[in-house]
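This report looks at one histidine and its surroundings, then at the chain as a whole.

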Amino acid sequence: MTIAALIVAAGRGTRAGGDTPKQWRALGDARVIDHAVAAFRDLADMIVVVHHADDTERAGTLADVTLVEGGQTRAASVAAGLAALTGQGITKVLIHDAARALTPRAVITDVIDALDHAPAAAPALAVTDALWRGDADTVVGTQPRDGLYRAQTPQGFHFDAIKAAHDTYTGAPLDDVEVARAAGLAVTITQGHEENFKITHAEDFARAEALLATRMGQTDRKGHSMLDIRLGNGYDVHRFGVGNHVWLCGVKLDHDRCLQGHSDADVGMHALTDAIYGALAEGDIGRHFPPSDMKWKGAESHIFLRHAIELARSKGYELMNCDVTLICERPKIGPHAEAMRAALADILSVDLDRVSVKATTSEKLGFTGREEGIASIATAALAKQ
């Protein structure tokens, strides 16, 4: 593990109103904290959520995160999170406010990239409005805005450097950049984003809901909105050999020959598996299940397909739909297409209407036309919120 996200969620958020601290309130189809954690799922090797002692039960509903009880101040909570990360092999830490629930991915990756050549980096937006100095409700002067920025999170640091800085800092810093600068660390400014606003007041929830509505796309089988769309395609061929059946898309069909291969030679399932790997930019079946490894000799192809879809889900993706085309003269696929759809849907744990299986011939042309083998092409669409 090298990158950790430390999400500070121990505040009470009284300015937002309501009986529940803002980070645990609903925002769209999840909670504020859920959106904040999701932003780091495939960018950080470890996620730590620092919570208030009164929110222990709520925090327990978060999956695949390390929970740490916070302190009386934000700085104390960050220090507690850093202590929990000590000895975990972390080299970069991203310290983030849970109330910045809708942080665009590019904001996070820019900070991570900046840490390759700087000990600290943080996103910000240059101040563009005129600035006044006031006394009660009266303007008493102006303030030049040149060189002024609105700070955002995540604020990223080399782990050892920010841990040492917090260990020696005294006082009540506004943020972790202040702690870093007090220790002499140079902080690189990266590009912030207007969508990376901090939910502070009650009206900010309406703004966040409106932003979610504009982002809304397809939904997964749980009804969660999906935004990151991935498409992949797969192609596979197996020749005929001696035998009396073939496996196609998880269904055993009687036939006067069988398909030859290192595994059970299910050409349809292999093409679909490669389509999912392709959408994830994770190579092909051979990369994950090398044919040189004899433990996969004769393996049932559902092992490969389940691995592919589980890999997708571990990265936060769900299958939107898939389409498999089998290319052969015989056996006839039409009478078995529904059984094949059902078998694939079961393996993939998706609804039947997300799976298509169809067939075509090559009009007696080529190796499939000469009935020397069967080919298959497949497409898979993945998406995540």
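His 238 is buried, because its relative accessible area is 12% and buried means under 20%, exposed over 50% and partly exposed in between (1.4 Å probe, protein chains only). The model is predicted: local features need pLDDT of at least 70, side-chain atom pairs count only at pLDDT 80 or more, and totals for chains, interfaces and linings use all residues. Residues are numbered from 1 along each chain as its sequence is written, and side-chain values use heavy atoms, with hydrogens and water left out.

The side chains of His 238 and His 270 are joined by a polar contact of 3.2 Å. Leaving aside residues up to four places away in sequence, His 238 also touches others, including Leu 259, Val 267 and Ile 374; contact means heavy atoms within 4.5 Å.

The two residues tabulated here sit in strands, which are DSSP runs (E, at least two residues) numbered from the N terminus.

| Residue | Strand | Relative accessible area |
|---|---|---|
| His 238 | E13 (residues 228–242) | 12% |
| Ile 377 | E19 (residues 373–384) | 39% |

Ile 377 is partly exposed.

For the whole protein, the C-alpha trace spans about 90 × 40 × 40 Å along its principal axes. Of the 385 residues, 48% count as buried. Among contacts between residues at least 6 apart in sequence, 69% join residues at least 24 apart. The accessible surface comes to about 18,400 Å², and 50% of it belongs to carbon and sulfur atoms; these areas come from the Shrake-Rupley method with a 1.4 Å probe.

Terms used
Helix = DSSP H or I, 4+ residues; strand = E, 2+ residues; numbered from the N terminus. Polar contact = N/O pair within 3.5 Å; in protein donor to acceptor, adjacent residues only side chain to side chain.
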